[in-house]
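Where does a protein chain leave enclosed empty space, and which residues border it? This report takes up that topic for one model.

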Amino acid sequence: MDATNQNTAPAPARPQLQRAACIGGGVIGGGWVARFLLAGIDVAVFDPHPEAERIVGEVLANARAAYGRLTDAPLPDEGRLSFHETLEAAVAEADWIQESVPERIELKRKVLAQIDAAARPDALIGSSTSGLLPSDLQEGLRHPGRFFVAHPYNPVYLLPLVEIVGGIGTAPETVEDAVRLLEPTGMKGVPIAREIDAFVGDRLLEALWREALWLIKDGICDVETLDDVIRYSFGMRWAQMGLFQTYRIAGGEAGMRHFLGQFGPALKWPWTKLTDVVDLDDQLVDRIAAQSDAQNEGLSIRRLEQIRDDNLVGILQALKSGDGGKGWGAGRLLAEFEAGLRRRAAEADEKVDGDQNEGLKPLAVRVSPAWIDYNGHMTEHRYLQVLGDATDHVLQAIGADLAYVKAGASYYTVESHLRHLGEAKLGDTLTVTSRIVSFDDKRLHLFHRLTRAQDGAEVATGEHMLLHVDRASGKASPAPAAILSRVAALASGDAPDGEDDGIGRAIRPAAGPDRMALAQGPGATPSTRR
Ligand SMILES: NC(=O)C1=CN([C@@H]2O[C@H](COP(=O)(O)OP(=O)(O)OC[C@H]3O[C@@H](n4cnc5c(N)ncnc54)[C@H](O)[C@@H]3O)[C@@H](O)[C@H]2O)C=CC1
Ligand SMILES: C[N+](C)(C)CC(=O)CC(=O)[O-]
């Protein structure tokens with residue numbers, strides 16, 4: 001029996017995370033706030049800093065912008081954010097409380113004891129500590145069984161890893177619950193088998209940092225050179241294959257055993273200063289600070305954060321298309337996160353619609369920052385993307401879903417006509433309504449209309465002809481009866497009375513000099529036409 005269960009009944013199952021509390025809203029606490037809110041979880045914050053709301057707000061603005069570029073999947077509505085005067089008020093309703101106060105053990109213990117006393121007994125309590133032992137932090141708590149370390153990486157809203165570390169008093173189901181509850185936020189909770197100072201990530205980072213400080217102190221390189229050495233080489237490898245998979249490849253065809261044989265002896269050569277710790281005296285601090293100022297001239301912290309976030313989004317997206325489209329590492333996790341978002345959105349639609357067959361349901365799409373061009377409005381190819389999603393929505397409704405495609409047949413778009421009728425701006429929600437205009441056993445003629453949700457203004461229409469295709473032969477083939485009967489049930493034919501849908505319209509030449517004249521050169525007029 002662990003220490004928790006001495007005073008309380010076994011904790012009830014924790015189904016999902018709906019309300020979180022963040023105690024400390026600095027660099028890491030602010031990142032947690034953003035991660036939770038963007039996953040649709042309400043967040044209550046306590047931080048005595050007089051500018052806590054502004055600081056959290058700026059982290060959140062960065063996070064929103066990054067998510068806009070990260071994913072087209074339907075994010076849930078943001079959770080509700082509230083700031084509280086007392087820690088007790090912030091934690092009262094929370095399912096998960098994340099402590100992110102400064103790294104001082106006596107402060108953390110005091111704050112954790114306060115949280116423990118004020119929180120619901122079944123609420124989970126995670127600490128963001130970078131390396132303090134959970135057993136040391138949970139000493140004196142009344143309910144130590146629900147306490148654990150949840151060590152994230154900065155920026156918390158983009159980097160998915162959370163090291164989950166239990167202490168002596170942590171109940172095993174707490175670690176399992178923590179990993180499971182983080183999943184819908186896009187995070188990867190990784191349980192660490194045994195507690196150890198600095199866990200796994202900071203053990204590695206400290207070793208690298210210690211060596212880096214020696215290299216600067218000894219005048220071997222400056223901070224810019226050191227950063228270049230990392231970012232032009234092994235830093236890029238680490239993002240996708242870590243250390244051991246990378247070194248396996250470095251062993252050539254003979255693999256890891258050969259690598260260990262060849263490079264293992266070097267560990268005993270004087271290639272490392274290992275445990276000697278640099279004295280961070282004033283002179284070294286001044287040198288590093290001056291070199292860092294020179295390296296970052298003209299770049300504010302907020303600007304650096306935005307550059308970092310853009311780069312991370314790019315890396316995550318590249319990794320999502322890795323391994324032949326299956327996704328690799330953090331990119332595969334992103335793909336799974338997006339699949340979860342789509343599944344939950346579809347389930348929510350289902351709930352609203354029930355089983356009634358009322359025709360094709362509209363899609364709602366939010367215009368995200370990555371969709372805006374130099375004219376300040378949604379750029380052309382994003383319209384095609386939204387129309388493509390709307391077509392997929394129709395295909396799902398007629399039963400030509402991913403399982404159908406996997407089984408060997410699909411609909412391919414063979415012709416599209418897109419009309420731009422208005423502007424869509426950042427943050428607009430677009431409603432896409434769809435119609436099946438006509439069909440036969442091979443052809444499916446679709447029409448989509450995009451309107452702005454806030455005022456109903458028409459923004460664009462898309463008209464598309466699709467062919468049913470046997471994927472093995474790549475040739476058009478008749479759709480099966482089951483699909484055709486769904487199509488027939490959903491087809492609505494003509495536009496509602498009086499509505500000009502522009503169906504069948506083509507682009508006509510402008511009234512000025514005609515195409516023949518233009519082809520004959522700048523001096524030509526229509527009269528030169530033969
Ligand atoms: N900065 C980093 O790169 C990382 C930090 N961590 C860990 O996260 C924790 C927080 O670190 P940072 O966010 O970097 O520090 P920070 O200094 O940016 O933020 C700490 C916040 O805690 C607030 N605070 C102080 N006393 C408080 C109290 N009694 N109750 C509520 N809030 C209080 C401060 O006003 C401040 O806003 C530390 O344990 C640190 O080791 C973990 C991963 C990375
Ligand atoms: C510097 N640090 C020890 C606070 C770093 C971390 O804990 C993790 C990170 O984000 O690098």
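A cavity is a set of grid points where a 1.4 Å probe fits but cannot get out, and its lining residues have an atom within 4 Å of a point. The model examined here is predicted. It holds two cavities of 30 Å³ or more.

**Second largest cavity.** This space is lined by His-417, Arg-419, Phe-447, Thr-461, Gly-462, Glu-463, Asp-501 and Gly-502. Two elements each give two or more residues to that lining: β10 (409–420) and β13 (458–470). The top contributor is β13, with three residues.

**Largest cavity.** Arg-35, Tyr-67, Leu-70, Tyr-157, Leu-158 and Pro-160 are among its lining residues. The lining also includes Gly-186, Leu-316, Ala-330, Leu-333, Leu-334 and Phe-337. Here the elements giving two or more residues are α2 (52–70) and α14 (330–353). The largest share, four residues, belongs to α14.

The table sets out volume and lining class for both cavities.

| Cavity | Volume | Lining by class |
|---|---|---|
| Largest | about 100 Å³ | ten nonpolar, one polar and one charged residues |
| Second largest | about 30 Å³ | one nonpolar, four polar and three charged residues |

Which residue is the charged one in the lining of the largest cavity? Arg-35 is, because Arg counts as charged. Gly-186 is the polar one, because Gly counts as polar. In the second largest cavity, the nonpolar residue is Phe-447, because Phe counts as nonpolar. Its three charged residues are Arg-419, Glu-463 and Asp-501.

How values were computed: Residues are numbered from 1 along each chain as its sequence is written. Chains are lettered from A and ligands numbered from 1 in the order in which they are written. This is a predicted model: local features need pLDDT of at least 70, side-chain atom pairs count only at pLDDT 80 or more; totals for chains, interfaces and linings use all residues. Side-chain values use heavy atoms; hydrogens and water are left out. On a 1 Å grid over the protein atoms alone, a cavity is a set of points where a 1.4 Å probe fits but cannot get out, and a pocket is an open set with protein on both sides within 12 Å along at least five of seven lines; lining residues have an atom within 4 Å of a point. Grid points are joined across faces, edges and corners, and a volume is the space filled by probe spheres set on the points.
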